[in-house]
Amino acid sequence: MAADLNEKVKRYERLLREALEKAEYAPIKQSHMYKVAEDYRNMATSYYNDGLHFIKTDDPVNALVCFSYGHAWLDAGARLGLFDVDDDVLFTI
């Protein structure tokens, strides 16, 4: 089971990393929604960095949780129109 967990952690880390690379802000910079998009992206980035920390401390369960939560922030932001994305593998669009 540990091998399955470690494989899943690697896969979710990669998915979140790729999603962070592709998620471009959709709202205009002067809008309130741009600030909301920044908040969503900051949450996703924070969870990504926390996940990396948990990998280093040999805590794959919490790493997986962080990568999953981080991706959820980006995915929700994409659904709300905060991010301009066209990848239906990384995002629910």
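Let me start with one term. A residue is buried when its relative accessible area is under 20%, exposed when over 50%, and partly exposed in between. Keep that in mind for the side chains. One caution as well: this is a predicted model.

Now the overall picture. The protein chain has 3 helices and 2 strands. In sequence order the pattern reads α-β-α-α-β. Helix α1 covers residues 2-22. Helix α2 covers residues 32-56. Helix α3 covers residues 60-80.

How do the dimensions look? The C-alpha atoms fill a box of roughly 45 × 25 × 15 Å along the principal axes. The radius of gyration is 14 Å. For 93 residues, a compact globule would come out near 12 Å, so the two values agree.

What about contacts? Take those with a separation of 6 or more: 64% of them join residues 24 or more positions apart. As for burial, 32% of the 93 residues count as buried. The accessible surface is about 5,900 Å², and carbon and sulfur atoms supply 53% of that.

On to charge. The protein chain carries 11 positive and 16 negative charges. Their mean positions are 1 Å apart. Side chains of opposite charge can pair when their charged atoms come close. How many salt bridges does a search of the whole structure find? The search finds 5. I'll walk through some of them.

Start in helix α1, with Arg11 and Glu7. They form a salt bridge, with the closest N and O atoms 3.1 Å apart. Why do these two sit about one helical turn apart? Because they are 4 residues apart in helix α1. Arg11 is partly exposed, at 31% relative accessible area. Glu7 is partly exposed too, at 41%.

Stay in helix α1 for Arg17 and Glu13. Here the closest N and O atoms are 2.9 Å apart, again in a salt bridge. The spacing is 4 residues within the helix, so about one helical turn separates them. Now look at the accessibility. Is Glu13 buried or partly exposed? Glu13 counts as buried, at 13% relative accessibility, because the cut-off is under 20%. Its partner Arg17 is partly exposed, at 32%.

Next, helix α2. The side chains of Lys35 and Asp39 meet in a salt bridge, 3.2 Å from N to O. These two are 4 residues apart in helix α2, so the separation is about one helical turn. Lys35 has 45% relative accessibility. That falls between the two cut-offs, so Lys35 counts as partly exposed. Asp39 is partly exposed as well, at 35%.

Last stop, helix α3, where we find Asp75. Asp75 is buried, yet it has no salt bridge. Which side chain of opposite charge is nearest to Asp75? That is Arg79, 6.5 Å away. A salt bridge needs the nitrogen within 4 Å of a carboxyl oxygen, so this pair does not make one. What does Asp75 touch, then, leaving aside neighbours within four places in sequence? Its contacts are Leu90, Phe91 and Thr92.

To recap the two acids worth finding on screen. Glu13 is buried, and Glu13 has a salt bridge with Arg17. Asp75 is buried without a salt bridge, and Asp75 is in contact with Leu90, Phe91 and Thr92.

Terms used: Residues are numbered from 1 along each chain as its sequence is written. This is a predicted model: local features need pLDDT of at least 70, side-chain atom pairs count only at pLDDT 80 or more; totals for chains, interfaces and linings use all residues. Side-chain values use heavy atoms; hydrogens and water are left out. The radius of gyration is taken over C-alpha atoms; the globule rule is 2.2 Å times the number of residues to the power 0.38. Buried means under 20% relative accessible area, exposed over 50%, partly exposed in between (1.4 Å probe, protein chains only). Contact means heavy atoms within 4.5 Å. Accessible areas come from the Shrake-Rupley method with a 1.4 Å probe; for residues, only the protein chains shown count as cover. Lys and Arg count as positive and Asp and Glu as negative; His and the chain ends are not counted. The place of a charge is taken as NZ of Lys, CZ of Arg, CG of Asp or CD of Glu.
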